[in-house]
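Colleague: I'd like to go through this model with you. Keep it brisk, please.

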Amino acid sequence: MACSRLGLLRPVLSFIRSPLPISTRLPPLLQHGCPHAEVSPPCYVRHYATKKSKVKAKGQTAKLNINAALVEDIISLEEVKEELTVVLTALKDDFSRNLGIRTSPGALDHITVTTKDGKFPLNQLGQISMKSPQLIVVNMTSYPEATAAATLALQESSMKLNPEVEGNIIRVPIPKVTREHRENLAKLAKQFSNKAKDSVRRVRSNALTQVKKAKEGVSEDTIRLIEKQVQQMADSFTADIDKQLATKTKELLG
């Protein structure tokens, strides 16, 4: 009954009430003429970025956009890598030259002889040949004056040799490969690897010192990033040294 009367008054009310905005949606009950439903204004929600999220996003962008030219002005990471590569290469050379179980004439090539004219590899001063698996002969006829120095260099080498001199001929008996000899070589390999690690630490220390000197005018984030990269490079080469040592030790001890 109430609803039917309301229907009669609707034309009059339309002149008194302001029309609803077109964008306002009427609930179904009011559309059918029920006065008990209320119209709620539309609610628009806008999400604003928080200060914390803005700072985080800004920090991430800075890390990704480090100026490579600025890094090169502070330190050359490529040069650091080259220095570390030299250390690893030297270790491999030490392993192959000083820790070989099988004997060959080339086993003595790396031995350095100190003379009054300077330092020279043994193979440049004498002719090296192998007479038997247990004997290497060095003919010093071309430089007889260097015979004593060559003999001393052989004695002081890491191979623990006991050369015998006959005129200008140096005979070098090769120790028999025993279990004890293998273990001594394994200990020597450990010494070589520790020496290489010391060299890696020295390269890293010099690089970090160079980076710290350039702190003025450079952001702390950039400095920390470069220091982290140097440390990661040093750690990577140290891991390579450990791998080389493990491989060599297994080869020596079987």
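Colleague: Which residue does the side chain of arginine 224 meet in a salt bridge?

Modeller: Glutamate 220, with 3.6 Å from N to O. A salt bridge here is a side-chain nitrogen of Lys or Arg within 4 Å of a carboxyl oxygen of Asp or Glu. Before we go on: this is a predicted model, where local features need pLDDT of at least 70 and side-chain atom pairs count only at pLDDT 80 or more, while totals for chains, interfaces and linings use all residues. Residues are numbered from 1 along each chain as its sequence is written, and side-chain values use heavy atoms, with hydrogens and water left out.

Colleague: Fine. Why are arginine 224 and glutamate 220 separated by about one helical turn?

Modeller: Because they are four residues apart in helix H9. Helices (H or I, at least four residues) and strands (E, at least two) are DSSP runs, numbered from the N terminus.

Colleague: Which aspartate also forms a salt bridge with arginine 224?

Modeller: Aspartate 221, and the closest N and O atoms are 2.4 Å apart. Aspartate 221 and arginine 224 are three residues apart in helix H9, so about one helical turn separates them. Glu220, Asp221 and Arg224 are thus joined in a network of salt bridges.

Colleague: Glutamate 220: buried or exposed?

Modeller: Exposed, at 58% relative accessibility. Arginine 224 is partly exposed at 47%, and aspartate 221 is partly exposed at 48%. The cut-offs: buried is under 20% relative accessible area, exposed is over 50%, and partly exposed is in between (1.4 Å probe, protein chains only).

Colleague: How many salt bridges does the structure hold?

Modeller: Seven. One of them links aspartate 242 and lysine 197, with 2.7 Å between the closest N and O atoms. Aspartate 242 is in helix H9 and lysine 197 in helix H8, so this pair ties together parts that are 45 residues apart in sequence.

Colleague: And lysine 197, buried or exposed?

Modeller: Buried, at 17% relative accessibility. Its partner aspartate 242 is partly exposed, at 34%.

Colleague: New topic. Which residues form the negative surface patch?

Modeller: Glu72, Asp73, Glu78, Glu79, Glu82 and Glu83. Helix H4 (68-74) and helix H5 (77-98) are the elements that give two or more residues to the patch. H5 has the largest share, with four residues.

Colleague: What counts as a patch?

Modeller: Patches take residues with over 30% relative accessible area and no salt bridge, joining like charges within 9 Å and nonpolar side chains (Val, Leu, Ile, Met, Phe, Trp, Tyr) within 5 Å. Lys and Arg count as positive, Asp and Glu as negative, and His and the chain ends are not counted.

Colleague: Where is aspartate 73?

Modeller: In helix H4. Aspartate 73 counts as exposed, at 66% relative accessibility.

Colleague: Now the inside. Which residues touch the most other members of the largest nonpolar core?

Modeller: Ile74, Ile75 and Ile226, out of 33 residues in that core. H4, H5, helix H8 (179-213) and helix H9 (220-253) each supply at least two residues. H8 gives the most, eleven residues. A nonpolar core is a set of buried Ala, Val, Leu, Ile, Met, Phe, Trp, Tyr and Cys residues joined through side-chain atoms within 4.5 Å.

Colleague: Stay on H8. Where is lysine 190 relative to leucine 245 in space, C-alpha to C-alpha?

Modeller: They are 6.9 Å apart, with their positions 55 residues apart in sequence. Lysine 190 is in helix H8 and is partly exposed, at 41% relative accessible area.

Colleague: What separates the C-alpha atoms of glutamine 191 and leucine 245?

Modeller: A distance of 9.9 Å, for residues 54 apart along the chain. Glutamine 191 is in helix H8 and is exposed, with a relative accessible area of 51%.

Colleague: Which alanine has its C-alpha atom 8.1 Å from that of alanine 90?

Modeller: Alanine 196, which is 106 residues apart from alanine 90 along the chain. Alanine 90 belongs to helix H5 and is partly exposed, at 35%.

Colleague: Last one. Where is proline 144 found?

Modeller: In the loop between strand E4 (135-139) and helix H7 (147-156). Proline 144 is partly exposed, at 37%. Proline 144 and glycine 126 are 8.8 Å apart in space, C-alpha to C-alpha, and 18 residues apart in sequence.

Notes. Areas by Shrake-Rupley, 256 points an atom, 1.4 Å probe, with all protein chains shown as cover. Charge placed at Lys NZ, Arg CZ, Asp CG, Glu CD.
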